[in-house]
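Grab a pencil and open the viewer. Below are some short exercises, each with a solution you can follow step by step.

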Amino acid sequence: MPVTTRRPVVAGNWKMHMTIPEARELVLGLVGPAAGLEPAELIVIPPFTALAEISRLLEGTGIGVGAQNLFWEDRGAYTGEVSGPMLKDAGCTHVLVGHSERRQYFGETDQGVNRKVRAALRSGLTPIVCIGETLEEREACATGVRVGHQLEEALKDLGPEEASSLILAYEPVWAIGTGRTASPAQAEEVHARIRSFLEEKYGKERAAYAIILYGGSVKPANAYALFLEKDIDGFLVGGASLEAESFIGIAREALRADREVK
Ligand code: PGA
């Protein structure tokens, strides 16, 4: 199958924002405009507290709902943790794993990421696995090594079938929440590397189908140029996903680029 069969995916990571009423208002603003954005796939990623309510509101709309984290065990004495089956029960379709803020502030390791990826798949959730280098690593020309290592560890012991059912998100840490986006060429260089890593490991066809998102200060004004790159299949959006207009604007720009060139 040609590469053009990849649908644009735009996921909004709300981080630690939005009460339930605020979340409700935001998604109600997304439903109408999103209906005209086929075949793009939209996913919202609210905080845990709003998941059940948002899933209920979005039922039948085609908009996916993701959680921001999960624990690797399904149940037990793990105070404060939330498991895959619980997320499934709350109506989630996706879950972020290994976001750089989890790695930076909560000590998440590559090994933990791998356990969480496997837990998500076991529960029938699509993991959105985040990888990316810090500014120091980029300046030391260690981007390729760092991202390759994160990828290798995150996908450890996964069969080709499992590896094909997840989404990857390349998020350079220096571009997250800073207003400093990677240039399309900088992002494409890493995306192409990720795809060739997948190709070596799982073969050409599976790699061609893999969805690789870019994240880090994405907004409507830069989404089009980024999406034109051949290995960028969509976006993981933080700040700009907190308003319906900018989130929808990003999806529109991705679709516009998709229609023009892919
Ligand atoms: P940002 O966040 O769009 O606010 O840079 C992206 C992310 O952390 O997923």
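How far does a polar side-chain atom of His99 lie from an oxygen atom of the ligand? Bear in mind as you work that this is a predicted model.

**Exercise 1: the ligand and its neighbours**

Work out the His99 distance, then describe what else surrounds the ligand.

*Solution.*
- Step 1. Start with His99: one of its polar side-chain atoms sits 2.7 Å from a ligand oxygen atom.
- Step 2. Now hop over to Lys15, where a polar side-chain atom is 2.7 Å from an oxygen atom of the ligand.
- Step 3. Don't forget the backbone! A polar backbone atom of Gly239 lies 2.8 Å from a ligand oxygen atom.
- Step 4. Next, see how well covered the ligand is: on its own it exposes 280 Å², and the protein buries 95% of that.
- Step 5. Zoom out to the whole shell. It has 13 residues, and the closest are Lys15, His99, Glu171, Gly177 and Ser217.
- Step 6. Sort that shell by class: you get four nonpolar, seven polar and two charged residues.

**Exercise 2: the backbone around Lys15**

Find the residues with an unusual backbone angle, and say where they are.

*Solution.*
- Step 1. Here's the rule of thumb: most residues other than glycine have a negative phi, and most peptide bonds are trans.
- Step 2. Check Lys15, which you met beside the ligand: its phi is near 55 degrees, so a positive value in a residue that isn't glycine.
- Step 3. Place Lys15 on the chain: it belongs to the loop between β1 (9–13) and α1.
- Step 4. Met18 is in the loop between β1 and α1 too, and its phi is positive as well, near 90 degrees.
- Step 5. Now look for a cis bond. One joins Glu38 and Pro39, with omega about 5 degrees.
- Step 6. Pro39 turns up in the loop between α1 (20–35) and β2 (41–45).

**Exercise 3: a pocket and a cavity**

Describe the largest pocket, then do the job again for the largest cavity.

*Solution.*
- Step 1. Give the pocket a volume: about 480 Å³ of space.
- Step 2. Look at its walls. There are 18 lining residues, and Met16, Gln68, Asn69, Arg102 and Phe106 lie nearest the centre.
- Step 3. Which helix gives the most to this lining? That's α4 (residues 100–106), with four residues.
- Step 4. Sort the pocket lining: eight nonpolar, six polar and four charged residues.
- Step 5. On to cavities. The whole structure has three of 30 Å³ or more, and the largest holds about 90 Å³ of space.
- Step 6. Among the residues lining the largest cavity are Leu166, Leu198, Tyr202 and Ile211. Helices α8 (160–164), α9 and α10 (204–209) each supply at least two lining residues.
- Step 7. Sort this lining as well: eight nonpolar, one polar and one charged.

**Exercise 4: a salt bridge**

Which residue forms a salt bridge with Asp231, and where on the chain are the two partners?

*Solution.*
- Step 1. Recall the idea: side chains of opposite charge can pair when their charged atoms come close.
- Step 2. Count first: the structure holds 21 salt bridges.
- Step 3. Pick out the pair. Asp231 is bridged to Arg195, and their closest N and O atoms are 2.6 Å apart.
- Step 4. Locate both ends: Asp231 is in the loop between α11 (220–228) and β8 (234–237), while Arg195 is in helix α9 (residues 184–202).
- Step 5. Finish with the spacing: the two are 36 residues apart, so to speak a link between distant parts of the chain.

Key:
Residues numbered from 1 in each chain as written. Predicted model: local features only at pLDDT ≥ 70, side-chain atom pairs only at ≥ 80, totals over all residues. Heavy atoms only, no water. Near = heavy atom within 4 Å. Polar contact = N/O pair within 3.5 Å; in protein donor to acceptor, adjacent residues only side chain to side chain. Areas by Shrake-Rupley, 256 points an atom, 1.4 Å probe, with all protein chains shown as cover. Nonpolar A, V, L, I, M, F, W, Y, C, P; charged D, E, K, R; others polar. 1 Å grid on protein atoms, 1.4 Å probe; cavity = no way out; pocket = protein on both sides within 12 Å on 5 of 7 lines; lining within 4 Å. Points joined across faces, edges and corners; volume = space filled by probe spheres on them. Salt bridge = Lys/Arg side-chain N within 4 Å of Asp/Glu carboxyl O.
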